[in-house]
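Subject: Structure for you to look over

Dear colleague,

I am passing on the structure we spoke about, together with some notes on what turned up in it. Please read them with the coordinates open beside you.

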Amino acid sequence: MTASFSKLQLNPALAQAVADMGYESMTPIQEQAIPVVLQGRDVMGAAQTGTGKTAAFSLPLLQRMMVHENPSTSPARHPVRALVLLPTRELAVQVAEQVKLYAKHTKLRSAVVFGGMDMKPQTAELKAGVEVLIATPGRLLDHIEAKNAVLNQVEYVVLDEADRMLDIGFLPDLQRILSYLPKKRTTLLFSATFSPEIKRLASSYLQDPVTIEVARSNATASTVEQHFYAVAVDDKRRALVKILRERGITQAFVFVNSKLGCARLARSLEREGLKTTALHGDKSQDERLKALESFKKGEVELLVCTDVAARGLDIKDVPAVFNFDVPFNAEDYVHRIGRTGRAGASGLAVTFASPSDQRLVVDIEKLIKTPLELEALELDEGQAPSGERFNDGGRGQRSRDDEGRRRPERSEHGERSSRTDRPERAERPARPAPKSRDPFFDQPYQASTPAEVTPAWESAPKTSTRISANIKPKRKLAALFKTDTESQAS
Ligand code: AMP
């Protein structure tokens with residue numbers, strides 16, 4: 001049992017807001033982070049969305065800023081004092097909504113700015129003066145350049161979902177933004193994973209930070225039943241539908257690696273009679289919020305999404321997550337499957353791996369420090385190969401729309417960034433070799449790293465790991481998990 005908020009002796013206006021929210025006790029990240037931030041220390045926090053980390057940084061920042069609270073209408077009396085940077089607009093909106101709720105009994109003002117929207121209303125809010133500014137990096141730089149946002153009085157900076165910001169390619173933007181801020185400040189960095197890049201970012205911009213971890217970094221929840229199936233690219237959709245039907249899964253997230261693949265798969269599943277919505281960076285803000293609402297209400301069965309579009313969405317306890325494409329970054333695997341099996345509920349995470357995904361699966365295995373086993377999935381004969389429709393993008397039409405016109409390449413996050421779009425791997429021509437000749441499928445398994453933890457699916461009751469009599473026993477695969485160098489070394 002964690003401690004009560006009363007222990008913190010928050011300003012009555014903030015304590016009232018917490019009570020209004022109905023929170024009874026602090027979550028572990030809150031219990032650990034709030035006192036540290038109240039002391040003015042920098043924090044490096046390993047915590048995912050859903051742990052209560054927004055309150056963990058917002059409440060102590062607001063508490064410390066209460067000394068600046070004033071009723072003046074003059075913008076000069078409301079300079080930006082706290083800056084919260086996030087990788088996506090959805091996440092920015094969610095955090096801004098929470099900050100507004102926590103600050104509602106105070107006179108502190110907050111605003112959110114993100115790309116893909118008209119700058120004018122954002123400009124008007126900024127010009128009126130706000131103490132807490134929540135922003136995505138690209139749009140914030142636009143406002144800085146337009147002199148709408150002045151950051152020379154910032155006392156607190158939060159880099160939220162920092163690993164994601166680096167993945168997206170926001171590092172140069174972050175560096176520029178941080179260069180505008182006073183050196184004397186409190187910096188909080190939250191990240192679901194602590195990659196070497198994150199550690200470098202922290203050592204450059206944080207001073208003597210307190211490290212707070214609420215779960216082992218890069219850990220996957222033990223309540224998630226994970227399966228990796230060897231599925232040819234063209235059979236993935238059929239495999240997905242089969243598992244959904246056999247397991248009676250009512251709602252799931254389906255992750256793909258590209259916007260184009262996302263839209264195509266969603267259309268294809270829709271034709272299959274499944275209520276499906278695509279969520280990717282090309283969708284307007286309105287469309288994305290509507291898609292989310294429909295999914296939350298249960299009107300949509302499948303949310304087909306890209307990593308960037310799904311990041312930070314406050315949707316918990318999705319019964320199943322499918323990795324239709326193996327993610328390019330192993331960290332994304334942790335993020336993706338973190339959507340299921342939350343808060344003690346059991347969840348299912350299914351990944352479809354084709355032979356060309358070998359290296360990506362090895363990366364995941366190394367990151368989660370768990371040997372992975374590839375299972376075979378037998379699909380019913382007699383159906384047309386499922387991939388034909390949605391995979392026709394793989395025959396050289398990567399940058400074309402459905403009418404074959406060239407599409408401009410847009411970055412997934414819809415923001416300025418130095419990153420060029422990731423290759424749309426899922427849509428590359430990828431006819432796998434026949435299974436029986438492919439070492440990916442044939443060689444006996446040897447773990448590339450010693451297992452540190454018992455994989456959830458191995459400790460789970462045997463009955464729950466089999467989904468159908470059609471599924472052959474798991475085959476262990478060495479070639480899949482051994483890189484060339486490792487093979488030579490051993
Ligand atoms: P976050 O990880 O900040 O996205 O928070 C996830 C969800 O947990 C949000 O819907 C919050 O409103 C909720 N939440 C945050 N702190 C608490 C708390 N102490 N008790 C109950 N719910 C909370």
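Helices, as the word is used below, are DSSP runs of H or I with at least four residues, strands are runs of E with at least two, and both are numbered from the N terminus. With that convention, E161 sits in the loop that connects strand 5 (156-159) to helix 7 (162-168). Please keep in mind throughout that this is a predicted model.

On the whole protein, there are 21 helices and 14 strands, and 49% of the 490 residues count as buried. Among contacts with a separation of 6 or more, 79% are between residues 24 or more positions apart.

The sheet I looked at in most detail is an open one of seven strands, in the order 10-11-9-12-13-8-14, with parallel pairing. Its edges are strand 10 (276-279) and strand 14, each of which pairs on one side only, and neighbouring strands are turned against each other by 25° on average, direction ignored.

Within that sheet, strand 8 (residues 224-230) is mostly covered, since seven of its seven residues are buried. In a regular strand the side chains alternate between the two faces of the sheet. For strand 8 both faces are covered, with V224, Q226, F228 and A230 buried on one side and E225, H227 and Y229 buried on the other. Strand 8 pairs in the parallel sense with strand 13 (residues 347-353) over seven bridges, where F228 has T351 as its bridge partner; strand 8 also runs parallel to strand 14 (residues 374-376), to which three bridges join it, and there Y229 is partnered by E375. Elsewhere in the sheet, strand 9 (residues 252-255) and strand 12 (residues 320-323) form a parallel pair over four bridges, with F253 bridged to V321. Helix 10 (residues 236-247) lies across strands 8, 9, 12 and 13, and runs at about 160° to strand 13.

Turning to the N-terminal part, helix 1 (residues 12-21) has L14, A17 and V18 buried; seen down the helix axis, the buried residues fall within an arc of 100°, so they line one face of helix 1. That buried side packs against helix 3 and helix 4 (89-102), while the face turned away from it carries the exposed residues P12, A19 and D20. Just after helix 1, G22 takes a positive phi of about 85°.

Helix 3 (residues 53-65) also matters for the next point, as it gives the most residues, three, to the shell around the ligand. In total 12 residues surround the ligand, and the closest are Y23, T49, G52, T54 and A55. By class, this shell holds three nonpolar, seven polar and two charged residues.

Finally, two backbone angles deserve your attention. Most residues other than glycine have a negative phi. E161, however, has a positive phi of about 50° although it is not a glycine, and K369, likewise a residue other than glycine, has a positive phi near 50°. How many other C-beta atoms lie within 10 Å of E161? There are 25, and E161 is buried, because the threshold for that class is 20 or more. K369, in the loop between helix 15 (358-368) and strand 14, has 15 C-beta neighbours inside 10 Å and therefore counts as partly exposed.

With best wishes

Conventions: Residues numbered from 1 in each chain as written. Predicted model: local features only at pLDDT ≥ 70, side-chain atom pairs only at ≥ 80, totals over all residues. Buried ≥ 20, exposed ≤ 12 C-beta atoms within 10 Å, placed from the backbone. Contact = placed C-beta atoms within 7 Å. Pairing = 2+ DSSP bridges. Near = placed C-beta within 6 Å. Nonpolar A, V, L, I, M, F, W, Y, C, P; charged D, E, K, R; others polar. Axes fitted to C-alpha atoms, helices over the stretch in contact; angles between N-to-C directions. Arc of directions from axis to C-beta.
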